[in-house]
2 protein chains.
Amino acid sequence: MDLDPRKKEVLHAIVDDYVSTFEPVGSKSLIERHGFDVSSATLRNEMADLEHMGFLEKPHTSAGRIPSDKGYREYVDSLMKVEPLSRKEQAKIEENIKASVGELGDLIKSAADTLSQATGFVSLTCSPRLKKSYLTQLKILMIEPGKALVVVVLSAGVVKDKLVRIPNFITDKQIYDISNAIEKNITGKPLDEITLITVSSALKGGSDIPDSLLNQVLYEAYAAIKQADRMDVYLEGSHRMLSLPDFSSMGRATQLLGSLADDGMVAGYLNEMEAQDKSNQDSYMIRIGQEITLEGFDDCSFITTTYNMGDGVQGNIGVIGPKRMEYSKVISQIDFVKKNLDEQIKIINE
Amino acid sequence: MDLDPRKKEVLHAIVDDYVSTFEPVGSKSLIERHGFDVSSATLRNEMADLEHMGFLEKPHTSAGRIPSDKGYREYVDSLMKVEPLSRKEQAKIEENIKASVGELGDLIKSAADTLSQATGFVSLTCSPRLKKSYLTQLKILMIEPGKALVVVVLSAGVVKDKLVRIPNFITDKQIYDISNAIEKNITGKPLDEITLITVSSALKGGSDIPDSLLNQVLYEAYAAIKQADRMDVYLEGSHRMLSLPDFSSMGRATQLLGSLADDGMVAGYLNEMEAQDKSNQDSYMIRIGQEITLEGFDDCSFITTTYNMGDGVQGNIGVIGPKRMEYSKVISQIDFVKKNLDEQIKIINE
DNA sequence: TTTGGCACTCGATGAGTGAGAGTGCTAATT
DNA sequence: AATTAGCACTCTCACTCATCGAGTGCCAAA
């Protein structure tokens with residue numbers, strides 16, 4: 001399975017060339033650009049070998065070669081070297097991210113925007129899965145008769161809330177009591193162990209509210225808690241894909257943007273990816289071309305990593321770009337954005 | 001300025017034809033499709049007149065005519081008849097909107113999605129301008145030391161909140177007192193009359209917290225209040241524009257989607273439109289082609305109307321589509337969605 | 001194992017062509 | 001004065017055809 005050193009060099013060169021020119025690379029231009037010390041015929045033979053092994057493809061009988069998915073995979077796994085960004089690029093990213101003010105949500109959005117702008121591709125962020133995080137506070141706040149705000153505070157300082165309807169004549173005081181009772185009941189429990197029964201237990205009968213009404217409130221509180229682990233996916237910069245030569249055909253572009261519009265689908269796939277790569281947590285997840293099992297992403301690659309919100313709570317951040325991309329550069333861009341994001345989150349959380 | 005009846009008929013027919021075929025319409029096909037009782041030569045004369053008057057344009061010397069912006073404007077203002085949707089379409093829209101559960105935000109999103117799907121264009125919603133609505137409640141909720149949630153309740157039952165940082169050693173009780181004091185101070189005031197001074201007045205010195213710390217809390221509360229009237233624009237279905245023949249050239253499509261990606265720009269323009277049309281509140285605002293002063297929307301039209309959240313608080317909902325659209329149909333679609341949305345909002349608010 | 005040489009393939013480019021749809025104008029008709 | 005028939009003209013679109021150039025595969029020689 002391992003390639004001899006020259007084949008590696010050739011594959012490396014071809015990927016580099018193809019990525020930067022977007023044109024099938026032929027034996028001759030390969031010699032011109034890289035200083036190979038052999039004739040074009042020799043390279044042709046090597047290239048034919050690489051093709052048989054599945055690392056290269058020919059678009060037409062008589063065109064140069066382009067990397068196959070397997071070729072990109074080999075490149076990513078063992079050929080490329082990730083080099084750090086230039087000072088300039090670093091500065092730009094830092095500046096952008098630091099410019100965002102205030103809330104966590106804004107910060108993450110800002111990181112995504114920055115990443116999309118830096119790469120020129122679509123950036124993707126996904127809020128952390130919170131199933132395993134535990135509940136530290138639950139408050140129900142009366143807004144007006146019949147309406148209340150349920151505030152759920154989770155470990156890692158995540159705050160979610162939901163506006164709910166409650167029976168009209170429940171009073172401020174009653175809500176306050178219910179809220180305290182629920183809180184006492186489930187504080188410290190991981191989110192995915194909380195059920196409607198856990199929420200309600202040891203609560204009924206203890207107050208002056210009829211069970212049927214109490215149940216309604218309990219249910220709403222429960223729903224609010226459950227909703228807290230809703231995964232929010234944010235895709236930014238889809239329109240940038242249109243400017244890429246890779247998607248200059250209307251058909252491909254339409255299909256891609258259509259798929260990107262369905263962020264639920266992307267979220268689902270992210271989950272799947274994470275399940276597969278559970279081992280190398282904290283590192284990069286990369287999917288190239290047809291490795292992506294979603295419709296319409298044949299010419300794309302996903303690269304994601306995780307950002308940290310403390311207490312082991314992690315979200316995803318990454319890029320969806322053409323599979324013909326400068327992997328090493330994009331990876332270091334993601335990496336740098338991630339680091340900045342982690343830092344800023346730490347600052348927000350103290 | 002008014003056209004004689006036959007010219008009106010001709011313009012009407014041309015717009016109809018062009019909208020449905022997307023091909024410049026010529027004198028002959030006009031006779032075939034519509035039962036004009038004159039010869040093609042007569043129509044040619046009429047068409048030449050209409051062109052001189054600015055209602056029609058020729059893409060090339062020897063092609064049929066297409067409506068100019070002015071032509072569409074005339075069509076929209078005085079020629080077309082808005083007809084109600086078919087039962088089927090109505091049912092579909094109703095179903096979609098009713099399927100959305102729970103919160104106001106979800107409901108509006110759902111309305112936008114429905115509208116985009118129904119029209120095949122981009123739908124646009126904009127949260128209400130809240131400057132004129134008044135504050136009914138303000139609560140500050142301690143989340144953990146150094147972190148609090150400011151909940152702002154406005155008239156019409158709008159609830160906004162913001163997570164803020166506060167000095168570490170401020171206690172639950174202190175926050176509670178501050179919160180009450182502020183609330184007492186500014187309840188009932190319109191949002192745009194609230195200043196940092198209003199928030200702070202009559203508060204300092206009354207507590208055991210040093211002024212500098214108190215100021216920090218007050219500022220955060222103030223910022224949370226001010227943020228409540230942030231206009232949220234939501235654009236849905238940009239990708240659908242790619243399927244339209246109007247944007248089948250990559251250049252136009254790229255430009256359009258690029259402009260659509262900047263929702264701040266759209267929000268700003270909406271504001272502008274509203275200022276212009278202040279008179280006919282509650283009705284439709286329509287901008288056609290170059291009437292839109294934004295870059296990149298030359299081939300588009302905006303149609304928006306308002307939805308009601310009670311207490312005179314209104315948001316915008318509408319469509320951005322190709323100017324070559326079935327105006328009467330799209331208007332009734334928007335109208336129907338708006339009606340359903342209004343209804344559902346009423347239900348949510350009781 | 002490498003290399004030079006050669007025949008072959010295939011896509012891109014550009015020119016030329018004819019068909020088709022539509023126009024504007026003029027002169028005759030109503 | 002309005003309408004119509006007729007005709008020359010214009011312009012796009014689709015099609016064909018030839019050519020060019022980059023690249024390949026393979027064979028025989030080094």
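A polar contact here is a pair of N or O atoms within 3.5 Å; within protein, one of the two must be able to donate a hydrogen and the other to accept it, and residues adjacent in sequence count only if both atoms are side-chain atoms. By that yardstick, the side chain of A:Arg44 puts an N or O atom 3.2 Å from a base nitrogen of DNA strand D. The model is a predicted one, so to speak of local features takes pLDDT of at least 70 and side-chain atom pairs count only at pLDDT 80 or more, while totals for chains, interfaces and linings use all residues. Residues are numbered from 1 along each chain as its sequence is written, chains are lettered from A and ligands numbered from 1 in the order in which they are written, and side-chain values use heavy atoms, with hydrogens and water left out.

Staying with the DNA, 20 residues surround strand D, and the closest are A:Ser27, A:Lys58, B:Ser39, B:Thr42 and B:Ser62 (near means a heavy atom within 4 Å). Of the atoms of DNA strand D that come within 4 Å of the protein, 69% belong to sugar and phosphate. B:Thr42 has a polar side-chain atom 2.5 Å from a phosphate oxygen of the strand, and B:Arg44 has one 3.0 Å from a base oxygen. Two helices, α3 (40-52) of chain A and α3 (40-53) of chain B, each supply at least two residues of this surface, with α3(B) giving the most, 4 residues. Helices (H or I, at least four residues) and strands (E, at least two) are DSSP runs, numbered from the N terminus. The surface near strand D divides into 4 nonpolar, 11 polar and 5 charged residues; Ala, Val, Leu, Ile, Met, Phe, Trp, Tyr, Cys and Pro count as nonpolar, Asp, Glu, Lys and Arg as charged, and the others, Gly among them, as polar.

Next come the two protein chains. Their contact (heavy atoms within 4.5 Å) takes 38 residues from chain B and 38 residues from chain A. Together they bury about 3100 Å², 56% of it on carbon and sulfur atoms; buried area is the accessible area (1.4 Å probe) that two parts lose on being put together, summed over both. B:Glu103, B:Met250 and B:Glu350 supply 18% of the area that chain B buries against chain A, more than any other three residues. There are 9 residue pairs in polar contact between the chains, both residues at pLDDT 80 or more, but 0 salt bridges across the interface. A salt bridge is a side-chain nitrogen of Lys or Arg within 4 Å of a carboxyl oxygen of Asp or Glu.

Over all chains, though, the structure holds 39 salt bridges. One of them joins A:Lys173 and A:Asp177, at 2.9 Å from N to O. These two sit 4 residues apart in helix α7 (residues 172-186) of chain A, about one helical turn. A:Lys173 is exposed, at 53% relative accessible area, and A:Asp177 partly exposed, at 38% (buried is under 20%, exposed over 50%, partly exposed in between, with a 1.4 Å probe and protein chains only). B:Lys132 and B:Asp192 also form a salt bridge, with the closest N and O atoms 2.9 Å apart, but that pair links distant parts of the chain, 60 residues apart.

Finally, A:Ser332 lies in helix α12 of chain A and is buried, at 8%. A polar atom of the A:Ser332 side chain is 3.1 Å from the backbone oxygen of A:Glu83.
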